[in-house]
Amino acid sequence: MAWDKQHAFRERVLLRGQAILQGIPSDEPVWLVTGRPYNLYDERLNLQLGRQLARLGIHALPMDFLRLDDEDLNDFPRMYWGLGARVLRAAKQIARTPGWFGVHLTNFSCGADSFLEHFYQHILQEKPSLILELDEHSAVAGLLTRSRLTAMW
């Protein structure tokens, strides 16, 4: 019963993501935000990233709104972290989709993310991306400055 409810919720999230993406004009950039759920969805930890990007007029969507399960990761056969694999799958979609750009949200001194960032950037190659590393000393000003500069690409 609980698994069925979770599956139905997940499907609604994916359908909502599809509807959001279809509503964005094709000539406008979209930022796909990757990261750990506790960073992506806790506004205290992420300094209200979603709200800040919306204020800047940036279309952004968390990776959980993308269909990622069919994305091939054979070129990363040793990626055994489930969440790391999801981030890399999202990066692959970002890399091949014109007008999509990546923002990876991480915490200071996260060992797993320190490995993942290199793979993330390798997948995106020359495509502009932003890695936001936040900690308890981070301030919104730094986040906004980096976001404004990135939006000018």
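This is a short tour of a predicted model, with a suggestion at each stop for what to select.

**The whole chain**

Start with the cartoon view and colour by secondary structure. You should be able to pick out six helices and four strands. Follow the chain along its sequence and the order reads α-β-α-α-β-α-β-α-β-α. Now switch on the surface: the accessible area comes to about 9400 Å², and 55% of that belongs to carbon and sulfur atoms. Of the 153 residues, 40% count as buried. If you like contact maps, here's one for you: among contacts between residues at least 6 apart in sequence, 71% join residues at least 24 apart.

**Stop one: Pro29**

Select Pro29, in the loop between α1 (2-22) and β1 (30-35). Is Pro29 buried, exposed or partly exposed? Its relative accessible area is 40%, so Pro29 counts as partly exposed. Next, show what lies around it. Leaving out residues up to four places away in sequence, Pro29 touches His59, Gly99 and Phe101. Try the distance tool on the His59 pair: the C-alpha atoms are 6.9 Å apart, although 30 residues separate Pro29 and His59 in sequence.

**Stop two: Asp64**

Move on to Asp64, which sits in the loop between β2 and α4. Despite the loop address, Asp64 is buried, because its relative accessible area of 17% falls under the 20% cut-off. Which residues does Asp64 contact, apart from neighbours within four places in sequence? Show Arg10, Val13, Leu14, Leu40, Tyr41 and Arg86 as sticks and you have the set.

**Stop three: helix α4**

Arg86 is a handy stepping stone, since it is also one of the buried residues of α4. Select 82-96 to get the helix. Its 15 residues should span 21 Å at 1.5 Å a residue, and the end C-alpha atoms are 22 Å apart, so the two agree. Now colour the buried positions: Gly84, Ala85, Arg86, Val87, Leu88, Ala90, Ala91, Lys92, Gln93 and Ile94. While you turn the view, keep one rule in mind: an α-helix has 3.6 residues a turn, so residues three or four places apart point the same way.

**Last stop: a patch on the surface**

Finish with Tyr80, in the loop between β2 (59-62) and α4 (82-96). Tyr80 counts as exposed because its relative accessibility is 67%. Add Trp81, Phe115 and Phe119 to the selection and turn the surface back on. Together with Tyr80 they form a nonpolar patch with about 470 Å² of accessible area.

Key
Residues numbered from 1 in each chain as written. Predicted model: local features only at pLDDT ≥ 70, side-chain atom pairs only at ≥ 80, totals over all residues. Heavy atoms only, no water. Helix = DSSP H or I, 4+ residues; strand = E, 2+ residues; numbered from the N terminus. Buried < 20%, exposed > 50% of the residue type's maximum accessible area, 1.4 Å probe, protein only. Contact = heavy atoms within 4.5 Å. Areas by Shrake-Rupley, 256 points an atom, 1.4 Å probe, with all protein chains shown as cover. Patch = residues over 30% accessible without salt bridge, like charges linked within 9 Å, V, L, I, M, F, W, Y side chains within 5 Å. Salt bridge = Lys/Arg side-chain N within 4 Å of Asp/Glu carboxyl O. Expected span 1.5 Å × (residues − 1).
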